[in-house]
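The exercises below are meant to be worked through with the sequence and the 3D view side by side. Try each task before reading its solution.

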Amino acid sequence: MKLTTLISSVFIGTFLTISTLSAQPVSTGFWGNTAIGGHDTIAYYETESPGSTPTAKGKSRYTVIWEGAEWHFASQVSADKFSASPESYAPKYNGHCSNALSLGEGLISTNGKVWEFFGDELHLFFAERGRQRWLNGDWESFQQQANIAWAQEVSVATN
């Protein structure tokens, strides 16, 4: 009996370690595993009014599992587009607040409602105040700081 328990524990531990190592942290809800508040990440690229205007909400029937999280889409076309190239459409820092990372506050989840493109990259923010800081400040410097913090967070999460 003890040998079976030991083997099960080793198997489960190995599985959890492999799962953790393969996935970067994604901004999901506190009570679930849905990325960026269930918003269709493709829709951000198709809207004409960036910023704090919410984009299309995804539907659970159009779900793609990526980086261990459920990404919802408004249509099968959007889900297929994301599946083909998730790195091209996932928000920077997998949807965690860009501003919080730039301030050294760690991984703060977002709900997908406050966003902006800086350069050609989609950034999500916990609140409008953070987005305004980036719009009115030196976003390139903020992004450099956030990139360093993100690399540290990913290193911790995957080790």
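**Exercise 1. How many residues line the largest pocket, and which of them lie nearest its centre?**

Before starting, note that this is a predicted model, in which local features need pLDDT of at least 70 and side-chain atom pairs count only at pLDDT 80 or more, while totals for chains, interfaces and linings use all residues. Residues are numbered from 1 along each chain as its sequence is written, and side-chain values use heavy atoms, with hydrogens and water left out.

Step 1. The term comes first: on a 1 Å grid over the protein atoms alone, a pocket is an open set of points where a 1.4 Å probe fits, with protein on both sides within 12 Å along at least five of seven lines, and lining residues have an atom within 4 Å of a point.

Step 2. The lining of the largest pocket consists of 14 residues, and those nearest its centre are Glu87, Ala90, Pro91, Lys92 and Tyr93.

Step 3. Helix H4 and strand S4 (121-125) each contribute at least two residues to this lining, where helices (H or I, at least four residues) and strands (E, at least two) are DSSP runs numbered from the N terminus.

Step 4. Sorted by class, the lining holds six nonpolar, three polar and five charged residues, with Ala, Val, Leu, Ile, Met, Phe, Trp, Tyr, Cys and Pro counted as nonpolar, Asp, Glu, Lys and Arg as charged, and the others, Gly among them, as polar.

**Exercise 2. Determine which residues of helix H3 are buried, and what they pack against.**

Step 1. Buried means under 20% relative accessible area, exposed over 50%, and partly exposed in between (1.4 Å probe, protein chains only).

Step 2. In helix H3, which spans residues 76-84, the buried residues are Ser78, Ala79 and Phe82. Viewed down the axis of H3, they fall within an arc of 100 degrees, so they line one face of the helix; the arc is that of the directions from the helix axis to the C-beta atoms.

Step 3. On the face turned away from that buried side, H3 carries the exposed residues Val77 and Ala84.

Step 4. The packing partners of the buried residues of H3 are helix H2 (41-46), strand S1 (59-66), strand S2 (69-73) and helix H4 (86-89).

Step 5. Serine 78 serves as an example, being buried with a relative accessible area of 8%. Neighbours within four places in sequence aside, serine 78 is in contact (heavy atoms within 4.5 Å) with Asp40, Ile42 and Phe73.

**Exercise 3. Work out which parts of the chain are joined by salt bridges.**

Step 1. A salt bridge is a side-chain nitrogen of Lys or Arg within 4 Å of a carboxyl oxygen of Asp or Glu, and the whole structure contains four of them.

Step 2. Glutamate 46 and lysine 81 meet at 3.4 Å, N to O. This pair links helix H2 with helix H3 across 35 residues; glutamate 46 is exposed at 51% relative accessibility, whereas lysine 81 is partly exposed at 34%.

Step 3. Lysine 92 pairs with glutamate 121 at 3.2 Å, N to O. Here the loop between H4 and helix H5 (98-102) is linked to strand S4, 29 residues apart.

Step 4. Arginine 131 and glutamate 116 form a salt bridge whose closest N and O atoms are 2.8 Å apart. Arginine 131 lies in helix H6 (residues 128-136) and glutamate 116 in strand S3 (residues 114-118), so the pair ties together parts 15 residues apart in sequence.

Step 5. Arginine 131 is buried at 9%, and glutamate 116 is buried at 9% relative accessibility. A network of salt bridges links Glu116, Glu128 and Arg131.
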